[in-house]
Number of protein chains: 2
Amino acid sequence: MATLPTAVKIVEVGPRDGLQNEKEFVPTAVKVELIDRLSKAGFPNIEAASFVSPKWVPQMADGAEVMTGIARREGAIYSVLTPNLRGFEGALAASADEIVIFGAASEAFSQKNINCSIAESIDRFAPVAEAAKAAGVRIRGSVSCAFGCPYQGEVPVASVVDVVQRFAALGCDEIDIADTIGVGTAKRVHEVFEAVTKVFPRERLSGHFHDTYGQALANIYAALEEGIEIFHASVAGLGGCPYAKGATGNVATEDVLYLMNGLGIRTGIDLDQVVEAGDFISKAIGRANVSRAGKALLAKKQSAAASA
Amino acid sequence: MATLPTAVKIVEVGPRDGLQNEKEFVPTAVKVELIDRLSKAGFPNIEAASFVSPKWVPQMADGAEVMTGIARREGAIYSVLTPNLRGFEGALAASADEIVIFGAASEAFSQKNINCSIAESIDRFAPVAEAAKAAGVRIRGSVSCAFGCPYQGEVPVASVVDVVQRFAALGCDEIDIADTIGVGTAKRVHEVFEAVTKVFPRERLSGHFHDTYGQALANIYAALEEGIEIFHASVAGLGGCPYAKGATGNVATEDVLYLMNGLGIRTGIDLDQVVEAGDFISKAIGRANVSRAGKALLAKKQSAAASA
């Protein structure tokens, strides 16, 4: 058995990456309560909001209010998505601890989504990165479609490495390797992380996996074997898959925590409180809880309550 | 990266282990069509029926009719569950290729479920095993609760090894290590298989995982790293978890095949046909398809059809 890390950082992305896909507007107070519950559960890092044009993503229009409303836990990092300088100014005004910039490892995806090449898309972030550095704000770069693309299919490992190097050149503190459509499997995870750890420090790389084909936990396990120590997850599995209606999106945080607990890997996060937060948000927005561990633990709790 | 097997045997257990948990009786013709579809998809081994008292498991009352009705693919093994000699006689009359006998690795589970010790429960199978040997029928032993028990919680690795040795003494050709309630995680999987491969040939041990806490694929991956080459799975994730209402049970075959395909491990099974079989049975019995890969592939197919 490979030696695994003894502790990992779990970044909770549900409030931003998850809720962003909800059609109906989620009230600001609900977003704030969700984040507060997650802060109390012990997450060291929460992706809390997006400072993007409300025309693009109306669900995230209340980013400033959310950032003002939450009770921040000392030491925790609250990250926000910033597509441009204007977004960065909003993030700075909201005292975000970290900004997130993004680029695809797939040329077809970049062209189709933002109508420019991968290289151009990342160059555009240069002024944002510069401003963040000047302001002492952490920068995270997110590499989407790192394991496959809905338009071009296969994504070469070399393309992932190239985007990682571009983000590194911009001064990113942390870089996410994201399986946006959930098509990756464990062998590819080994290959991709083996390659990217050669060009960027292992301890600042994170795995962002989707469970669309049920592979997320196996992929996380493979990434742990590569020494990866940061993972993204979404409470209750918030966030669907825009490329396959009805399919699963982000891996559920509860399932990831159950894995880490079983492996004896420290997270500093209280699973019970996360299960409760998942139940809260699922009910608040009227969406099925898609965390398997979450559902099983809630069922156990209910049957214990019924027999008490 | 550990060296993984180049080919595995996937045993489809949906028609028996999966359907057994359905409250409403599934018509014999539906069971037969399901098995026939799975045979055509290429499964080398299908758990097809149970020769158990209809008082205990009314859903499986039509075992003989199912075995008569199916079109067997040459070379494939059709297994049936046999709790006693009477069940074995039915299995023999139905020309089953393999009988399945079972025992728990948890003393509490054995006492609570069949009111006797583990040792007694396995001793009772001696006449069945003897009769099977005499008739030249394969015998599979299934060790339930190998990773945890709903009553006693922890199950020592030594208990699993003990049951494996008892099944080996009865002459079992193959032995399943089953995570009946889905609580196992990858580290424990390594520990259990490392221990049982010391007392029984690796190539005749199988992993039977449940996805109740979302861990099944990570556990299968860990078992592959231990060199395990036989895995059980249930099409569309048929079969819930009797110990947690609403929770997931058997790992979905489609998700397992997606993993194996991604790892380049041969199964001889056509994933597309399995996805269709999963769609067929889910609709036939009015149950949600809980295979993530199955749902994603069906969604892709529908969107392709819509845009064609």
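Reader: Why does A:Cys172 form no bond with the closest cysteine sulfur?

Author: Distance. In this predicted model, the sulfur of A:Cys172 is 16 Å from that of A:Cys116, its closest cysteine sulfur. A disulfide needs two cysteine sulfurs within 2.5 Å. The gap is therefore too far for a bond.

Reader: Is A:Cys172 buried or exposed?

Author: Buried. Its relative accessible area is 4%, and the cut-off for buried is under 20%.

Reader: How many disulfides does the structure hold over all chains?

Author: Zero. Take A:Cys145: the nearest cysteine sulfur belongs to A:Cys149, 4.8 Å away. The limit is 2.5 Å, so A:Cys145 is in no disulfide.

Reader: What makes A:Cys145 count as buried?

Author: Its relative accessibility is 0%. Buried means under 20%, so A:Cys145 qualifies.

Reader: Which residues have the most contacts inside the largest nonpolar core?

Author: A:Ile177 and B:Ile177. That core has 211 residues. In general, nonpolar side chains in soluble globular proteins tend to be buried together.

Reader: What does A:Ile177 touch, not counting residues up to four places away in sequence?

Author: Its contacts include A:Val143, A:Ala146, A:Phe147, A:Val160, A:Val164, A:Leu205 and A:His208. A:Val192, A:Phe193 and A:Val196 are among them too. Those three are also buried residues of H9(A).

Reader: What covers the buried residues of H9(A)?

Author: Elements of both chains. From chain A, the cover includes helix H8 (157-169), strand S6 (174-178), strand S7 (205-208) and H10. From chain B, it includes helix H10 (216-225) and helix H11 (253-263).

Reader: How do H9(A) and H10(A) cross?

Author: Their axes come within 8 Å and cross at roughly 35°. The crossing is right-handed. From H9(A), A:Ala186, A:Val189, A:His190 and A:Phe193 take part. They meet A:Ala218, A:Asn219, A:Ala222, A:Ala223 and A:Glu225 in H10(A). The set divides into six nonpolar, two polar and one charged. The charged one is A:Glu225, because Glu belongs to the charged class.

Reader: Why is A:Asp62 called buried?

Author: Its relative accessibility is 6%. The cut-off is under 20%, so the term fits. A:Asp62 lies in the loop between strand S2 (45-50) and helix H3 (63-69) of chain A. Beyond four places in sequence, A:Asp62 touches A:Phe25, A:Val26, A:Thr28 and A:Lys31.

Reader: How do you know that B:Thr180 counts as buried?

Author: By the test of under 20%. B:Thr180 has 17% relative accessibility, so it passes. The residue is in the loop between strand S6 (174-178) and helix H9 (186-196) of chain B. Leaving aside neighbours within four places, B:Thr180 contacts B:Ser144, B:Cys145 and B:His210.

Reader: What is the phi of A:Asn115?

Author: About 60°, a positive value, although A:Asn115 is not a glycine. Most residues other than glycine have a negative phi. A:Asn115 sits in the loop between helix H5 (107-114) and helix H6 (118-123) of chain A.

Reader: Why does A:Asn115 count as exposed?

Author: Exposed means over 50% relative accessible area. A:Asn115 has 64%, so the label holds.

Reader: Where does B:Ala236 lie?

Author: In the loop between strand S8 (230-233) and H11 of chain B. Its phi is also positive, near 60°.

Reader: Is B:Ala236 buried or exposed?

Author: Buried. Relative accessibility is 0% for B:Ala236, and buried means under 20%.

Key: Residues are numbered from 1 along each chain as its sequence is written. Chains are lettered from A and ligands numbered from 1 in the order in which they are written. This is a predicted model: local features need pLDDT of at least 70, side-chain atom pairs count only at pLDDT 80 or more; totals for chains, interfaces and linings use all residues. Side-chain values use heavy atoms; hydrogens and water are left out. A nonpolar core is a set of buried Ala, Val, Leu, Ile, Met, Phe, Trp, Tyr and Cys residues joined through side-chain atoms within 4.5 Å. Buried means under 20% relative accessible area, exposed over 50%, partly exposed in between (1.4 Å probe, protein chains only). Contact means heavy atoms within 4.5 Å. Axes are lines fitted to C-alpha atoms, for helices over the stretch in contact, and angles run from 0 to 180 degrees between N-to-C directions. Helices (H or I, at least four residues) and strands (E, at least two) are DSSP runs, numbered from the N terminus. A crossing is left-handed if the near helix is turned anticlockwise from the far one by less than a right angle, and right-handed if clockwise.
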